[in-house]
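Work through these exercises with the model open beside you. Try each task before reading its solution.

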Amino acid sequence: MSDSSLRPVRSLVMMLRSPRLRVAFADLIGPTPSASVDGESEFVRSGVAERADDGVRLSESFLDDALAALDAQLGALAVLQGPRISAVDLALDELDPAVAAVARRVVSAGEQVTEPALNERLSMFVTDAAFFRRHAVDTGVLERTADGAVYWLADRGK
């Protein structure tokens, strides 16, 4: 699902910032189509509404498409929709928090993970799993056995 699939939802949210269009939207979602709605052209142009023989009504396809786009962005697999994180694209002050967030996302508290499994998990989120794995150890987010075969989240109580 592309980022553009959320464009109609964003348009609606932006329109609802206007008090005039909030009132118009309330008319639009009323129980019967309205012969004329203030802001009708903005709603129709954005795909929120459609013209019908008996007036203007909320577009059923808009609702279905908006829910599908939101589900894709917010659902369990939403993280797989976006680009993977590259350390070189992060500002220096963003690097440590990003590495920590990814490490905590892929390793559960109390879980021990082998290096190949950790690399596989990290690769779903980042372009350079080895860098993120090593940096997570260097910054104390992850700990590992002396031979580097097994990793786990560091005890935050230290």
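## Exercise 1: Overall layout

Task: Set out the order of the elements in this predicted model, then count the helices and strands.

Solution.
- Step 1. Read from the N terminus: the elements of the protein run α-α-α-β-β-α-α-β-α-α-β-β.
- Step 2. Count them: the secondary structure comes to seven helices and five strands.
- Step 3. Add the global figures. The protein has 158 residues, and buried residues make up 32% of them. Its accessible surface comes to about 9900 Å², with 54% belonging to carbon and sulfur atoms.
- Step 4. Check the contacts along the chain. Take contacts between residues at least 6 apart in sequence: 46% of these join residues at least 24 apart.

## Exercise 2: The hairpin

Task: Find how β1 is joined to β2, and locate the bridge partner of Glu50.

Solution.
- Step 1. Place the strands: β1 covers residues 49–52 and β2 covers residues 55–58.
- Step 2. Look at the pairing. The two strands run antiparallel, and four bridges join them.
- Step 3. Follow the chain: a hairpin of two residues joins β1 to β2.
- Step 4. Pick out the partner: Glu50 is bridged to Arg57 in β2.
- Step 5. Move on to Ser59, in the loop between β2 and α4 (60–74). Is Ser59 buried or exposed? Its relative accessibility is 2%, so Ser59 counts as buried.
- Step 6. List what Ser59 touches beyond four places away in sequence: Gly47, Val48, Ala49 and Glu50.

## Exercise 3: The open sheet

Task: Give the strand order of the open sheet and name its edge strands.

Solution.
- Step 1. Three strands form the sheet, in the order β3-β5-β4, with antiparallel pairing.
- Step 2. The edges are β3 (113–114) and β4 (142–144), since each pairs on one side only.
- Step 3. Zoom in on β4 and β5 (residues 150–153): three bridges join them. Leu142 has Leu153 in β5 as its bridge partner.

## Exercise 4: Helices α5 and α7

Task: Find the buried residues of α5 and α7, and say what they pack against.

Solution.
- Step 1. Start with the span of α5. Its 15 residues reach 22 Å from first C-alpha to last, close to the 21 Å expected at 1.5 Å a residue.
- Step 2. The buried residues in α5 are Leu95, Ala98, Val99, Ala100, Val102, Ala103 and Val106. They pack against α6, α7, β4 and β5.
- Step 3. Turn to α7 (residues 129–138). Ala129, Phe132, Arg133, His135 and Ala136 are buried there. They pack against α5 (92–106), α6 (115–123), β4 and β5.
- Step 4. Look just past α7: Gly140 takes a positive phi of about 85°.
- Step 5. Contrast Glu120, which sits in α6. Glu120 is exposed, because its relative accessible area is 61% and the cut-off is over 50%.

## Exercise 5: Two nonpolar cores

Task: Describe the largest nonpolar core and state which helix supplies its largest share.

Solution.
- Step 1. The largest core has 19 residues; Val107, Leu118, Leu122, Val126 and Leu142 touch the most other members.
- Step 2. At least two residues come from each of α5, α6, α7 and β5. The largest share, six residues, comes from α5.
- Step 3. Another core lies apart from this one. It has 14 residues, among them Val9, Leu28, Val48 and Ala66.
- Step 4. Return to Leu118. Beyond four places away in sequence, Leu118 touches Val106, Val107, Val113, Arg133, Leu142 and Tyr151.

## Exercise 6: Aromatic pairs

Task: Classify the aromatic pairs and judge the burial of each ring's residue.

Solution.
- Step 1. The count comes to two aromatic pairs.
- Step 2. Phe25 and Phe43 lie 5.9 Å centre to centre, with 45° between the planes; this pair is tilted.
- Step 3. Place them on the chain. Phe25 is in α2 (residues 19–28) and Phe43 in α3 (residues 40–46), 18 residues apart.
- Step 4. Phe25 counts as buried at 15% relative accessibility. Phe43 also counts as buried, at 1%.
- Step 5. The ring centres of Phe131 and Phe132 are 5.9 Å apart. Their planes meet at 80°, so this pair is edge-to-face.
- Step 6. Phe131 counts as partly exposed at 28% relative accessibility, whereas Phe132 counts as buried at 2%.

Methods
Residues are numbered from 1 along each chain as its sequence is written. This is a predicted model: local features need pLDDT of at least 70, side-chain atom pairs count only at pLDDT 80 or more; totals for chains, interfaces and linings use all residues. Side-chain values use heavy atoms; hydrogens and water are left out. Two strands pair if DSSP finds at least two bridges between them. Buried means under 20% relative accessible area, exposed over 50%, partly exposed in between (1.4 Å probe, protein chains only). Contact means heavy atoms within 4.5 Å. Accessible areas come from the Shrake-Rupley method with a 1.4 Å probe; for residues, only the protein chains shown count as cover. The expected span of a helix is 1.5 Å times one less than its number of residues. A nonpolar core is a set of buried Ala, Val, Leu, Ile, Met, Phe, Trp, Tyr and Cys residues joined through side-chain atoms within 4.5 Å. Rings of Phe, Tyr and Trp (its six-membered ring) pair if their centres lie within 6.5 Å; planes under 30 degrees apart count as stacked, over 60 as edge-to-face and the rest as tilted.
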